[in-house]
Amino acid sequence: MNIIRWSFANGIRRTRWLSISSPIHRDLNNPLLFHPSQSPLPSNNRPLPYNLRALSDKTSSSIHDDVKPEPTQTVSQEQQTEEEKKTNHDIKDDQTRVLQAALEHVPTLGWTEAAMVAGAREVDLSPSIVGAFPRKEAALVEYFMDDCLQRLLGEIESREEELSNLVFHDRIAKIIRIRLEMQVPYISKWPQALSIQANPLNLPTSFKQRAVLVDEIWHAAGDRSTDLDWYAKRTLLGGIYAATELYMLTDYSPEFRNTWIFLDRRVSDAVDCRKTAQEAAQLATAIGAGIGNTVQAFLRRQTQ
Amino acid sequence: MPITSPALLHSHATSFGFKEVPEEEKSRMVGDVFSSVASKYDIMNDIMSVGLHRLWKDRLVSKLSPFPGMQHLDVAGGTGDIAFRVLEAIHSLERQRISGVAVDEDAEDETRVFICDINPAMLDVGRRRAIAKGLGEARSLIWMEGDAEALKFEDASMDGYTIAFGIRNVTHIEKALSEAYRVLRRGGRFLCLELSHVDIPGFRDLYDFYSFSVIPSVGEIVAGDRESYQYLVESIRKFPSQEKFATMIKEAGFEKVEYENLAGGVVAIHSGFKL
């Protein structure tokens, strides 16, 4: 949980700085952090159902408070809080550096304390610092998930042109693929990461990370709905994502070709399924209208 | 006592149990206590804590999460209780890894656990136990006499620092803490296991009765030394509360300071990182 908060904090630091020159970064770098109401851009006007917003607020509520521009705040006060935050920030930064370095050892050592110890050695900190992560390996997996999300958002931003040229279901499939490809270097150890995420202690965080990820994918694909459909869509996409992720574990085709075919089919199925449902509804209305007409006509004839 | 001699003019009174004694005296008196109980130390610990002290020490070491290649300093650990556990934890990590990936051989060889105690009698007990455990020749165990307030180690040379049931007997706790901070590397961890304060009403009364009525008598019967155990229970009451001690650790420069009460506060594990 803390890790998320740090990476959010890092994000804010960056966005805050960037927002001076280009407000657009504020939106694109870290859309999670801003309420639609606070957004400087109309494009960010992305309604979220309240439960998820509350979820993300919970982890970053204090940060939110800091971010809200307060014109009345004097400069000296701001400097002071900056300084206070800085000491805090440095500590977290050390831990983030350890996790970053540890990721390089994951392919050989797995998602383990040993990888974290190796990471700490690399950044020239005493490996005892691993004790500062309350849930050890889970912190590493969670850091990776957050890191991937940030990279995914960056990718989506930089490939906006390419993505907007694709039809809807191809766009979704493409984004999922970009995200899953980040797991390729760790694929042999990924089952271990999944089992860590499924640990009851870690489940709340991993569930939230996945919810946020799926939400980001829908948002990037251009979904702006606010109705009940919202839940259905996210559940559906969560299912597709998880299924593909699992398929990938046992896919030995070159460059995971079969995985991407599998993914394309699942996404088309889902889109088709929605279309089929809509068509069925239309058909039902048509049939209903037809029967109604016949009955009406029949009754009319009877009464005449 | 005539306070006329120049040495005593500059001396502050410090506590030895409930008694006020000059600072110069305390370390000698503590030394006497431990010299006199060293031989019965283990059995007394078992009796007094009903065997719980073993679990508390296990908990301390599991918090430390030792790793191969660690440079660890255990202060006031003459009997080796913590040191043996640290080594055991490292060995079991290594055994786990044998089947898996290649182990960093150098890292294994570099593992060092330094046991530093001010009292030679306690160190002797520890050395004997090391031999009994087959660790007599272990290169990774280094026994040395030394004062927690003036450690003979270089700055930033240690990954971990533990002190179990020891800091209470140090004359200047602040000095011991700043020494701990000095010898640790960045990222290194400070852990302190110490008898602390019980705040739960009812249990506290029971605990007080046990400490003041039972322990000194047991001390007299088993170790033949009532005074030393009287000192023990008094010094526990004189030790700063969990919160206060945590503040002292922060003041020494440690970050992420936290503590955990065990057995309702009978003992507490304080933890901090040098960052």
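No salt bridges are found by the rule across the interface of domain 1 of chain A and domain 2 of chain A. That is a good place to start a tour of this predicted model, which has two interfaces to look at: one inside chain A, and one from chain A to chain B.

**Inside chain A**

The domain assignment splits chain A into domain 1, residues 83–133, and domain 2, residues 135–303. If you mark the C-alpha centre of each of these two domains of chain A, the marks lie 33 Å apart. Where they touch, 17 residues of domain 1 of chain A are in contact with 16 residues of domain 2 of chain A. Although the salt bridge count here is 0, the rule does find 5 residue pairs in polar contact across this interface, with both partners at pLDDT 80 or more.

Which helices supply the side of domain 1 of chain A that touches domain 2 of chain A? Helix H4 (75–103), helix H5 (106–109) and helix H6 (113–122) of chain A each give at least two residues to it. The largest share, 5 residues, comes from H4(A). Sorted by type, the residues on this side of domain 1 are 10 nonpolar, 6 polar and 1 charged.

**From chain A to chain B**

Now turn to the place where the two chains meet. Here 19 residues of chain A are in contact with 19 residues of chain B. The size of an interface is often given as the accessible area lost when the parts come together. The table sets out this value for both interfaces.

| Interface | Buried area | Share on carbon and sulfur atoms |
|---|---|---|
| Domain 1 of chain A and domain 2 of chain A | about 1,500 Å² | 72% |
| Chain A and chain B | about 1,400 Å² | 56% |

How many salt bridges does the rule find across the interface of chain A and chain B? It finds 1. The partners are Arg186(B) and Asp94(A), and their closest N and O atoms are 3.2 Å apart. Side chains of opposite charge can pair when their charged atoms come close. The rule also finds 6 residue pairs in polar contact across the interface of chain A and chain B, again with both residues at pLDDT 80 or more.

On the side of chain A that touches chain B, you will meet some familiar names: H4, H5 and H6 of chain A each supply at least two residues. The residues of that side divide into 8 nonpolar, 5 polar and 6 charged.

**A look at chain B**

Chain B contains 11 helices and 9 strands. Its C-alpha trace spans about 65 × 40 × 35 Å along the principal axes. A compact globule of 275 residues would have a radius of gyration near 19 Å, and chain B, with 19 Å, agrees with that.

Chain B also has a salt bridge of its own to find: Lys57(B) pairs with Asp81(B), and the closest N and O atoms are 2.6 Å apart. This pair links distant parts of the chain, as Lys57(B) sits in helix H4 (residues 52–64) of chain B and Asp81(B) in helix H5 (residues 81–98) of chain B, 24 residues apart. Over all chains, the rule counts 23 salt bridges.

Notes: Residues are numbered from 1 along each chain as its sequence is written. Chains are lettered from A and ligands numbered from 1 in the order in which they are written. This is a predicted model: local features need pLDDT of at least 70, side-chain atom pairs count only at pLDDT 80 or more; totals for chains, interfaces and linings use all residues. Side-chain values use heavy atoms; hydrogens and water are left out. Domain bounds come from an automatic or database domain assignment. Contact means heavy atoms within 4.5 Å. Buried area is the accessible area (1.4 Å probe) that two parts lose on being put together, summed over both. A salt bridge is a side-chain nitrogen of Lys or Arg within 4 Å of a carboxyl oxygen of Asp or Glu. A polar contact is a pair of N or O atoms within 3.5 Å; within protein, one must be able to donate a hydrogen and the other to accept it, and residues adjacent in sequence count only if both atoms are side-chain atoms. Helices (H or I, at least four residues) and strands (E, at least two) are DSSP runs, numbered from the N terminus. Ala, Val, Leu, Ile, Met, Phe, Trp, Tyr, Cys and Pro count as nonpolar, Asp, Glu, Lys and Arg as charged, and the others, Gly among them, as polar. The radius of gyration is taken over C-alpha atoms; the globule rule is 2.2 Å times the number of residues to the power 0.38.
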